[in-house]
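Work through the exercises below with the model open. Try each task before reading its solution.

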Amino acid sequence: MEGRSIVFASGKGGTGKTTVVANLGVALAQFGKEVIVIDADITMANLSLILGMEDIPVTLHDVLAREADLRDAIYEGPAGVKVIPGGLSLEKIKKAKPERLRELIREISQMGDFILIDAPAGLEITSVTALLIGKELIVVTNPEISAITDSLKTKLVAEKLGTLPLGAVLNRVTNEKTELTKEEIEAILEVPVLAIIPEDPEVKRASAYGVPLVVKNPTSPAAIAIKQLAAKLAGIRWQPPEPESPIKRVFRALFGGKRR
């Protein structure tokens with residue numbers, strides 16, 4: 001059975017797209033789904049850094065250069081998520097042939113329930129190639145006019161290529177007055193907002209450790225928003241855990257959560 005291939009794109013860099021994709025993949029795996037995450041950013045691959053998998057011998061770049069078999073570039077990450085990372089060396093970037101992604105996606109889509117494709121930002125040839133290989137599109141953007149305008153361009157290009165826009169994820173939301181509202185963004189993009197992920201200092205802390213946020217701090221605000229998005233995509237009901245009271249935190253710190 002063919003899995004759902006969803007490409008995650010952004011009109012500009014810096015939206016936090018790769019962090020969202022990495023954590024969403026892990027969250028879906030935590031829900032028991034077979035998930036494959038592909039780093040399709042040929043020139044600026046960094047998915048492996050977020051997942052703590054930078055020291056790997058074979059990458060997607062080797063496969064695209066016909067120097068390795070696809071299955072040798074698939075690694076198991078946190079919670080059992082499968083990861084096809086990109087290479088970090090300039091030599092591998094030069095040899096990679098992005099057009100081969102279209103051939104590979106047919107094989108990859110037979111391997112899981114969800115295939116999440118982390119596309120390069122912008123609308124260069126590698127970005128358009130990534131848009132082509134996904135059947136569905138989720139735009140990851142920030143609630144500011146420049147990001148939304150670029151996201152609209154990306155969505156329109158995806159539609160012309162035959163990729164179905166599912167909706168948008170608003171990332172790094174601070175609720176400042178200068179930010180566009182959910183309703184304004186939906187009116188501009190003409191797609192639903194699937195998730196609102198707040199600005200959260202725990203995201204940077206998790207990245208510094210090379211551990212996905214949904215593993216390192218699953219009760220943080222951003223992690224809960226990502227888990228809710230995963231549940232929505234998976235079609236399951238999930239309730240976030242009740243926040244722990246300060247008294248309970250002190251008790252757990254002192255006694256390890258054991259009753260006396």
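The exercises cover an aromatic pair, ring-charge contacts, helix packing, cores and backbone angles in a predicted model.

**Exercise 1. Classify the aromatic pair formed by Phe-31 and Trp-238, and say which parts it ties together.**

Step 1. Take the geometry. The ring centres of Phe-31 and Trp-238 are 6.2 Å apart, and the planes meet at 65°.
Step 2. Apply the cut-off: planes over 60 degrees apart count as edge-to-face. The pair is therefore edge-to-face.
Step 3. Place the partners. Phe-31 sits in the loop between helix H1 (17–30) and strand E2 (35–39). Trp-238 sits in the loop between helix H11 (221–234) and helix H12 (246–255). The pair therefore ties together parts 207 residues apart in sequence.
Step 4. Check exposure. Phe-31 has a relative accessible area of 21% and is partly exposed. Trp-238 is also partly exposed, at 23%.

**Exercise 2. Which rings do Lys-216 and Lys-227 lie over?**

Step 1. Start with Lys-216. Its charged end sits over the ring of Tyr-209, 4.1 Å from the centre.
Step 2. Turn to Lys-227. This residue lies over the face of Phe-31, 4.5 Å from the ring centre.

**Exercise 3. Describe the packing of helices H7 and H8.**

Step 1. Recall the two descriptors: the angle between the axes and the distance between them.
Step 2. Read them off. H7 (residues 145–160) and H8 (residues 182–189) pack at about 35°, with axes 10 Å apart.
Step 3. Add the hand. The crossing is right-handed.
Step 4. List the contacts. From H7 come Ile-145, Ile-148, Ser-151, Leu-152 and Lys-155; from H8 come Ile-185, Ile-188 and Leu-189.

**Exercise 4. Locate the nonpolar cores.**

Step 1. Find the largest. This core has 67 residues. Leu-24, Ile-38, Ile-84, Ile-108 and Leu-116 have the most contacts inside it.
Step 2. Follow Ile-84. Its contacts include Ile-36, Ile-38, Leu-60, Leu-70 and Ile-108.
Step 3. Look for another core. A set of eight residues lies apart from the largest core, with Ile-148, Val-173, Leu-189 and Val-191 among them.

**Exercise 5. Where do Arg-66 and Ala-79 lie, and how exposed are they?**

Step 1. Note the backbone. Arg-66, not a glycine, has a positive phi of about 60°. Ala-79 also has a positive phi, near 65°.
Step 2. Place them. Arg-66 is in the loop between helix H3 (60–64) and strand E3 (75–76). Ala-79 is in the loop between E3 and strand E4 (82–84).
Step 3. Compare exposure. Arg-66 is exposed, at 56% relative accessible area. Ala-79 is partly exposed, at 47%.

Technical notes. Residues numbered from 1 in each chain as written. Predicted model: local features only at pLDDT ≥ 70, side-chain atom pairs only at ≥ 80, totals over all residues. Heavy atoms only, no water. Core = buried A, V, L, I, M, F, W, Y, C linked by side-chain atoms within 4.5 Å. Buried < 20%, exposed > 50% of the residue type's maximum accessible area, 1.4 Å probe, protein only. Contact = heavy atoms within 4.5 Å. Phe/Tyr/Trp six-rings, centres within 6.5 Å; stacked < 30°, edge-to-face > 60°. Helix = DSSP H or I, 4+ residues; strand = E, 2+ residues; numbered from the N terminus. Lys NZ or Arg CZ within 6 Å of the ring centre and 35° of its normal. Axes fitted to C-alpha atoms, helices over the stretch in contact; angles between N-to-C directions. Left-handed = near helix turned anticlockwise from the far one by under 90°. Lists of a residue's contacts leave out its neighbours within four places in sequence.
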